[in-house]
Amino acid sequence: MNFLSVENLSKAYAQKILFNKINFGINQHQRIALIAKNGAGKSTLLKILMRKEIADEGNVTFRKDITVSYLDQNPVFDESKTVLETIYSANNPQLNAVRDYENALQLFEENGSDANSKKLEDAISKMEMADAWEVDVKIKEILQRLKIAFLDKKIAMLSGGQKKRVALAQILINEPHLLVLDEPTNHLDVEMIEWLENYLINRDLTLLLVTHDRYFLDSVCTEIIEIDSGNLYNYKGDFQYYIEKKAEREQMEASEIDKAKNLYHRELEWVRKMPKARTTKSKFRVDAFDGIKEKAFSKRVEEKLSLNVKMTRLGGKILELTKIKKAFGETKIINDFSYLFKKGEKIGVVGKNGVGKSTFLNMIMNLEEPDAGKLQAGETIVFGYYSQQGMQLNEDKRVIEVVKDIAEFIPLADGSNLSASQLLQKFQFAPSVQYSFVSKLSGGEKRRLYLMTVLIKNPNFLILDEPTNDLDIVTLSVLEDFLVNFSGCVLIVTHDRYFMDKLVDHLFVFEGNGVVKDFPGNYTEYRERVDDGGTLQMSESAPAEINEKPLEKKENTGKRKLSFKEKFEFEQLEKEIPALEKEKTELTEMLNSGSTNADELLKCSEKIGKVIAALDEKTLRWLELSEMM
């Protein structure tokens, strides 16, 4: 059953084409992720589908008998209403019954008069007639899981994150036939994301979503559509399948363009000769020349995003925290915490929203004072702080002016210097965009510019507070590679489990009430440990030194999930083993050829021994990992 059809849809802003005559459809039960670079038109496409923006041409058709709900990145509400009124605003018989029941119950609890008792009886009767008791249970679960306990608050009093959670609760409660979600995991902690993941998987939903969270994407979606250079491509598989097929497509396109360029050069010579007597055949060749030219120049080579800025030299002393304490009234944030940071450490900071993760980062940056204890940074430390609150770019400035305010020329890791304009190009800001105002950038482009302003100050200690929000997956992949090879220290707060799994050595786990524990592993390993009922190693009282004693693994006879590092190792082995097999075959052929001299034979025999040993070792490891899977 078809829910949505999109035909020949186009949208452009001035000279920038977002998409050109794209076609796709969504059938019942399909769960599709939409992927594109920042500024390529993801959010614009969703808004066109929801009639919030107008396309230049094309048609969008929804099935008439279905309900559709849309989660905007920045939801807009009637600010005068309360959270409760907003959540129950849909005109749905079951929701109306639940709303009346909750109101009647509250009145009866406040004053158990006969009149209020009668109202409650009537409300209970309506609940039974509408078969709404399960809906009431579902609503309470959604509100509890999204931590929406501020039902009497006016919408105007809420933060951006709270509004996003209210909007998400509203559409989940309405339970439409088709859900359109734009970055649903932003402003949710990891526990909420894992709950939402399971909720969407276990419901009979049809889904179109934009997300940068690759674990969420893989768990929830079964198909991917991508907007690239104005065109739309469809991939029926998970994120890894998309990466492989996209690489194949780009390689094939590059090969076709190379062939067209070669043909174009040959045809150009022929056309320049301008044959005087043109036959029908030669005229056809001239007409075809324009098509060859268009193909040859169909896709310009884009500058790849490059994060290779210079890092300030790191001395022996990094950062030492000694018996840090912080509380707000009766709420303890951190209690008697000590730690000595080491060179090259990459630490994740995890915990529920509101337990003090951002406060901890602000104390390190001297933006907040601890109640007790000392923080001592080494003399060579240069902090780079990417914070949610810190992204305050001047909207009235041009993009290039933002960079020039920091430096006209920026030193890179390889010793070279780039001008502000050249560096912007490496961060995928084309010359035409560099002289645009910051206000014209998309949310993701603004975050990429902000990240650039942090990195060009040459920090050697990076503090990243939710760096993945609104960044596209291409930028995230490049940022991950940069941080993997970054020789300074990194402290990360993020709800993106994939990002954290790939980078961190261990975690600071904020459990609330001032308790901070250390876990020697990534987030997936931490969740497995908690799910198995294990306990974490304490580090809150350690005298400026973390306890790195390995955890005793709980005996488990069943198969376990591979960690990210093990998955990466498994993928590498699948590439390395065939290469070693090929090398072994080539060396064997050389040894058996009879045409190899004595010196070469000796070298071959020594080398084949090493290759066979490496092959045996890697094959055994591959078998071990495959059994775990």
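## A guided tour, from helix α1 to strand β9

Begin by selecting helix α1, residues 42-49, which is mostly covered, with six of its eight residues buried. The buried members of α1 are Lys42, Thr44, Leu45, Leu46, Ile48 and Leu49, and if you step past the end of the helix you come to Arg51, whose phi is positive, near 65°. Please keep in mind throughout that this is a predicted model.

**The whole chain**

Zoom out before going further. The protein has 20 helices and 21 strands, and of its 629 residues 46% count as buried. If you consider the contacts with a separation of 6 or more, 68% of them are accounted for by residues 24 or more positions apart.

**The nonpolar cores**

Next, select Leu146, Val166, Leu172 and Leu200, which touch the most other members of the largest nonpolar core, a set of 54 residues. Colour helix α6, residues 160-174, as well, since this helix gives the most to the core, with seven residues. Then centre the view on Leu200 and show its surroundings: leaving aside neighbours within four places in sequence, Leu200 is in contact with Arg31, Leu172, Leu179, Leu181, Leu205, Leu207, Phe216 and Val220. A second core, separate from this one, has 44 residues, and to find it you can select Leu418, Leu424, Phe429 and Leu507, which are among its members.

**Salt bridges, buried and partly exposed**

Now display the charged side chains, among which the structure holds 34 salt bridges. Select Arg214 and Glu480, where the closest N and O atoms of the salt bridge are 2.5 Å apart. This pair links distant parts of the chain, with Arg214 in helix α8 (residues 214-220) and Glu480 in helix α16 (residues 473-484), 266 residues apart. Are these two partners buried or exposed? Arg214 has a relative accessible area of 1% and is therefore buried, and Glu480, also with a relative accessible area of 1%, is buried as well.

Move on to helix α9, residues 239-273, where Lys245 and Glu248 lie three residues apart, about one turn of the helix. Their side chains meet in a salt bridge, at 3.4 Å from N to O. Lys245 counts as partly exposed because its relative accessibility is 29%, and Glu248, at 42% relative accessibility, likewise counts as partly exposed. While the salt bridges are still on display, add Asp481, Asp496 and Lys502 to the earlier selection of Arg214 and Glu480, for salt bridges that share partners join these five residues into one network.

For another pair, select Asp100 and Arg99, which form a salt bridge whose closest N and O atoms are 3.7 Å apart. Asp100 counts as partly exposed, at 28% relative accessibility, and Arg99 is partly exposed too, with a relative accessible area of 28%.

**A buried lysine without a salt bridge**

Go now to helix α11, residues 357-364, and select Lys357. How far away is the nearest side chain of opposite charge? That side chain belongs to Glu466 and is 6.3 Å away, and Lys357, although buried, has no salt bridge. If you show what Lys357 touches, not counting residues up to four places away in sequence, you will find Val349, Val350, Gly351, Lys352, Val493 and Phe510.

**The cavity**

Rolling a probe the size of a water molecule over the atoms shows where empty space is left. In this structure there is one cavity of 30 Å³ or more, and about 40 Å³ of space lies in the largest cavity. To see its surroundings, select the lining residues Ile35, Ala36, Lys37, Glu226, Ile227, Asp228, Tyr242, Lys246 and Val474. The elements that give two or more residues to this lining are β8 (223-228) and α9, and the largest share, three residues, comes from β8.

**Last stop: Asn231**

Finally, select Asn231 in strand β9, residues 231-235. Asn231 counts as partly exposed because its relative accessibility is 35%. Not counting residues up to four places away in sequence, Asn231 touches Ile22 and Glu226, and Glu226 is one of the residues that line the largest cavity. To end the tour, draw a distance from Asn231 to Asn23: the two are 208 residues apart in sequence, while in space they are 9.3 Å apart, C-alpha to C-alpha.

Notes. Residues numbered from 1 in each chain as written. Predicted model: local features only at pLDDT ≥ 70, side-chain atom pairs only at ≥ 80, totals over all residues. Heavy atoms only, no water. Helix = DSSP H or I, 4+ residues; strand = E, 2+ residues; numbered from the N terminus. Buried < 20%, exposed > 50% of the residue type's maximum accessible area, 1.4 Å probe, protein only. Lys, Arg positive; Asp, Glu negative; His and termini not counted. Salt bridge = Lys/Arg side-chain N within 4 Å of Asp/Glu carboxyl O. Contact = heavy atoms within 4.5 Å. Core = buried A, V, L, I, M, F, W, Y, C linked by side-chain atoms within 4.5 Å. 1 Å grid on protein atoms, 1.4 Å probe; cavity = no way out; pocket = protein on both sides within 12 Å on 5 of 7 lines; lining within 4 Å. Points joined across faces, edges and corners; volume = space filled by probe spheres on them.
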